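Hi,

Here is the model I said I would pass on. Have a look at it first, and then read my notes underneath.

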Amino acid sequence: GGGLSPEQAVARMKVSGTGENYQGLWQVVRDARPLPANALVADLAAFPRVATVSGMVATMSEIDSVFENVTEVQKAGWQTPADHPDLVPHKETKRLASLFAQFQQDPESRVHPDAYQSLLTQALALSRALDAAVAAGDAAAAGTQFTALQKSCKECHKAFRDN
């Protein structure tokens, strides 16, 4: 008792708004089967209170945060948003490019196949072009580069994260 069937879990994921692009997660939930009761016994003291992430996970988490900042800057016409005076456009875009460069050096990232490396190289080039456009005060080019970078990220996530 107390467990969800795969169908109930899928319904719960829909209600919770789980992104449809996480195809692998949806498949795992659909394929889930109950464990015997003795397999569910755990020492609660063995579970950490806080999960510390590193490597690609930590870098991607920081990229997500900076992406949100850059989106706010974009909404403000590539200027510092009035409600976020701490966001300096060129610092945020430079930080974004720096994070993509870190991925190229990360041992976890370097073991991915050539197709991933190609998408990473593309994302780095686009993030650098975005940074250059913002530094030059070229809002039109910044918008074009940011849109291309968003598309590049979605393409990479679809191929390498969501399955």
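Below is what I found, going from overall confidence to the helices, the pocket and a few single residues.

First, a reminder that this is a predicted model. Confidence is good to know up front: the average pLDDT is 91, and 99% of the residues score at least 70. Broken down by element, α6 has the highest mean pLDDT, at 97, while helix α2 (residues 23-31) has the lowest, at 87.

Let me start with helix α4, which covers residues 89-105. Its 17 residues should span 24 Å at 1.5 Å a residue, and the C-alpha atoms at its two ends are 25 Å apart, so the expected and modelled lengths agree. The buried residues in α4 are P89, E92, T93, L96, A97, L99, F100 and F103. They sit on the same side of α4, because the arc they cover around the axis is only 150 degrees. That fits the general pattern: with 3.6 residues a turn in an α-helix, residues three or four places apart point the same way. K91 and Q105, on the other side of α4, are exposed. As for partners, the buried residues of α4 pack against α3 (55-75), α5 (107-110), α6 (114-136) and α7 (139-161).

Helix α1 (residues 6-16) can be read in a similar fashion. Here P6, A9, V10 and M13 are buried. Looking down the axis of α1, these buried residues fall within an arc of 100 degrees, so they line one face of the helix. E7, K14 and V15 are exposed on the other side of α1, and α2 is part of what covers the buried residues. Just after α1 comes G17, with a positive phi of about 80 degrees.

Next, α7. This helix has 23 residues and reaches 31 Å from its first C-alpha to its last, close to the 33 Å expected at 1.5 Å a residue. A142, G143, F146, L149, S152, C153, C156 and H157 are buried in α7, and their cover includes α3, α4 and α6.

α7 also matters for reading the pocket. Which helix gives the largest share of the lining of the largest pocket? That would be α7, with eight residues. The lining has 23 residues, and those nearest the centre of the pocket are M60, C153, C156, H157 and R161. At least two lining residues come from each of α3, α4, α6 and α7. The volume of this pocket is about 550 Å³.

H157 is worth a click. This residue belongs to helix α7, and is among those nearest the centre of the largest pocket. Is H157 buried or exposed? With a relative accessibility of 17%, H157 counts as buried, because the cut-off is under 20%. Setting aside neighbours within four places in sequence, H157 is in contact with M60 and D162.

From there you can step to D162, in the segment after α7. D162 is buried, with a relative accessible area of 4%. What does D162 touch, if residues up to four places away in sequence are not counted? The list is N21, Y22, Q23, G24 and H157. N21 shows how the chain comes back on itself here: D162 and N21 are 141 residues apart in sequence, yet their C-alpha atoms are 6.1 Å apart in space.

Two loop residues to finish. W78, in the loop between α3 and α4, has a positive phi of about 65 degrees although it is not a glycine. At 10% relative accessibility, W78 counts as buried. V53, in the loop between α2 and α3, is partly exposed, with a relative accessible area of 47%. The C-alpha atoms of V53 and D114 are separated by 25 Å, with the two residues 61 apart along the chain.

That's everything from my side.

Cheers

How values were computed
Residues numbered from 1 in each chain as written. Predicted model: local features only at pLDDT ≥ 70, side-chain atom pairs only at ≥ 80, totals over all residues. Heavy atoms only, no water. Helix = DSSP H or I, 4+ residues; strand = E, 2+ residues; numbered from the N terminus. Expected span 1.5 Å × (residues − 1). Buried < 20%, exposed > 50% of the residue type's maximum accessible area, 1.4 Å probe, protein only. Arc of directions from axis to C-beta. Contact = heavy atoms within 4.5 Å. pLDDT = per-residue confidence, 0-100. 1 Å grid on protein atoms, 1.4 Å probe; cavity = no way out; pocket = protein on both sides within 12 Å on 5 of 7 lines; lining within 4 Å. Points joined across faces, edges and corners; volume = space filled by probe spheres on them.
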